[in-house]
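Biologist: I'd like a close look at one part of this model: how its strands pair up. Take me through that slowly, and follow the trail to whatever packs around it.

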Amino acid sequence: MVPLKIDGSYGEGGGQILRTAVTLSTITGKPVEIENIRKNRDVPGLRPQHLTGIKILAKICNAKVDGLHVGSTSLRYFPSKISDASLKENIGTAGSIPLILQVLIPAVAISKKKLKLSIIGGTDVSWSPTSNYTKFVLQEAYSRIGINFSINIKKRGYYPKGGGIVDVQVSPCEKIKPISLLKKTTSSVKLLCSYSMISKEIIEDEVNETKKILESKGLSCDYEINEEPALDKGCSLLVFAHDDNSIIGSDAIYSKGMKGIGQIVANRFLESNLGVDLFLSDMLVIPLALTSELSAYRVKKITKHLETNLFVTSNIANCKYGIGKMDNGYEVRIEGSSDSSLQ
């Protein structure tokens with residue numbers, strides 16, 4: 001079969017196109033060729049952190065991959081039949097475990113297979129969701145769609161040494177279910193903070209600042225602070241809330257200093273007052289593109305990552321989508337195609 005060509009410079013032009021394309025390729029059985037990979041980045045082409053997820057996915061679906069090396073600007077991916085798998089993997093750096101799981105979880109679950117994975121790398125690093133976001137926000141959203149996974153964060157891994165350990169189990173998805181997430185109604189939120197090698201007083205100051213901002217807006221806030229061993233100094237902060245009509249998360253990590261991290265997380269959460277947060281909006285696209293029923297969710301802004309995922313899924317899975325402007329945000333509608341060729 002001739003691979004479907006995808007322009008890797010489209011939209012945000014980064015690793016997102018790559019992750020989405022190989023995930024959908026694995027699920028649908030359609031080979032893909034991604035060109036112009038990270039063309040607009042300071043260092044174009046594949047970086048080490050992009051390789052691990054594709055290597056693991058290729059391993060469990062016996063894929064043939066051309067161009068899978070650092071610096072490559074073109075990749076050809078030919079999937080085969082995906083299998084149940086039990087794996088132990090080591091990224092070898094502080095490469096993001098959550099970004100790798102964004103590839104593996106939907107690919108395995110929607111293919112109706114099982115995965116048991118223990119992986120070593122970065123649990124909470126820059127330009128990536130935190131592991132707590134994956135566990136408490138993405139897990140909730142995916143469970144409503146019919147994708148179930150468990151995640152056990154055994155050890156934190158921060159930049160630059162990594163060394164975090166995460167155990168994941170993915171279950172077969174019997175049926176992808178549509179969702180409707182339009183408006184946050186809950187007044188209760190949860191705050192989780194994990195840290196290593198930082199003064200407890202500094203951590204408590206930022207957590208208290210987060211609580212103060214949230215409570216000033218009438219929200220009740222349960223919180224938990226955990227000092228967890230890691231090879232490097234680090235901190236991961238997450239505020240999240242679920243109700244029948246919304247799933248919202250806001251996270252941040254330590255980066256050269258803690259000052260202001262609580263304010264950033266709290267304000268970003270408060271801005272996300274519709275159905276989903278900005279980051280979840282693009283993570284929902286792959287599974288929703290593979291059910292013929294209509295899904296709808298509302299989000300404050302349309303991000304480049306969301307545009308990118310809608311573009312790639314419409315090309316590979318033939319889904320339909322629409323974006324409607326509202327006074328206070330946007331409504332995204334996705335309807336999958338019955339000819340998406342699920343394996």
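Modeller: A bit of vocabulary before we start: two strands count as paired if DSSP finds at least two bridges between them. Also keep in mind that this is a predicted model.

Let's begin with a hairpin. Strands β12 (residues 234-243) and β13 (residues 246-253) form one, with two residues between them. Their pairing is antiparallel and takes in eight bridges. To find your place in it, look for valine 239, which stands opposite serine 250 in β13. Now check how much of β13 is covered. Buried here means under 20% relative accessible area, and eight of the eight residues of β13 are buried, so the rest of the structure largely encloses this strand. In a regular strand, side chains alternate between the two faces of the sheet. In β13, Ser246, Ile248, Ser250 and Ala252 point one way, while Ile247, Gly249, Asp251 and Ile253 point the other, and all are buried.

Next, a sheet. Four strands make an open one in the order β5-β6-β8-β7, and the pairing is mixed. Its edges are β5 (85-90) and β7 (149-155), each of which pairs on one side only. On average, and ignoring direction, neighbouring strands in this sheet are turned by 10° against each other.

Walk across it from the β5 edge. β5 pairs with β6 (residues 115-121) in the parallel sense, over six bridges, and glutamate 89 stands opposite isoleucine 119 in β6. Helix α2 (residues 48-60) packs on the sheet here, where it touches β5 and β6, and its direction makes about 155° with that of β5. Step over to β8 and the sense flips: β6 and β8 run antiparallel, joined by seven bridges, with glycine 121 opposite glycine 164 in β8. The last step is antiparallel as well, with six bridges between β7 and β8. There, lysine 155 has isoleucine 165 in β8 as its bridge partner.

Unlike β13 with its buried residues on both sides, β8 (residues 164-170) has one covered face, made of Gly164, Val166, Val168 and Val170, and one uncovered face, made of Ile165, Asp167 and Gln169.

Now for a residue beside this sheet. Threonine 123 is in the loop between β6 and α4 (131-145). Its relative accessibility is 0%, which is why it counts as buried. Beyond its neighbours within four places in sequence, its contacts include Gly164, Ile165 and Val166, and also Ile153 and Lys155. Ile97, Pro98 and Pro129 are among them too. Valine 166 is 43 residues from threonine 123 in sequence, yet the two C-alpha atoms are 7.7 Å apart.

There's another open sheet of four strands, with the order β9-β14-β16-β15 and mixed pairing. Here the edges are β9 (180-181) and β15 (320-326), each pairing on one side only. Inside it, β14 (residues 294-299) and β16 (residues 329-335) are antiparallel over six bridges, and valine 299 has tyrosine 330 in β16 as its bridge partner. Helix α9 (residues 304-316) lies across β14, β15 and β16, at about 155° to β15.

α9 takes us from strands to helices. It packs with α1 at an angle of about 30°, with the axes 10 Å apart. Angles under 35 degrees count as roughly parallel, and that makes α1 roughly parallel to α9. The crossing of α1 and α9 is right-handed. On the α1 side the contact uses Gln16, Ile17, Thr20, Ala21, Leu24 and Thr28; on the α9 side, His305, Thr308, Asn309, Val312, Thr313 and Ile316. By class, that contact of α1 with α9 has five nonpolar, seven polar and no charged residues.

α1 (residues 15-28) has another partner, α3 (residues 97-110): their axes come within 9 Å and cross at roughly 15°. That makes α1 roughly parallel to α3 as well, and this crossing is also right-handed. Gln16, Arg19, Val22, Thr23, Thr26 and Ile27 of α1 meet Leu99, Gln102, Val103, Pro106, Ala107 and Ile110 of α3. Sorted by class, the contact of α1 with α3 has seven nonpolar, four polar and one charged residues.

Methods: Residues numbered from 1 in each chain as written. Predicted model: local features only at pLDDT ≥ 70, side-chain atom pairs only at ≥ 80, totals over all residues. Heavy atoms only, no water. Axes fitted to C-alpha atoms, helices over the stretch in contact; angles between N-to-C directions. Parallel < 35°, antiparallel > 145°, perpendicular 65-115°, else oblique. Left-handed = near helix turned anticlockwise from the far one by under 90°. Contact = heavy atoms within 4.5 Å. Nonpolar A, V, L, I, M, F, W, Y, C, P; charged D, E, K, R; others polar. Buried < 20%, exposed > 50% of the residue type's maximum accessible area, 1.4 Å probe, protein only.
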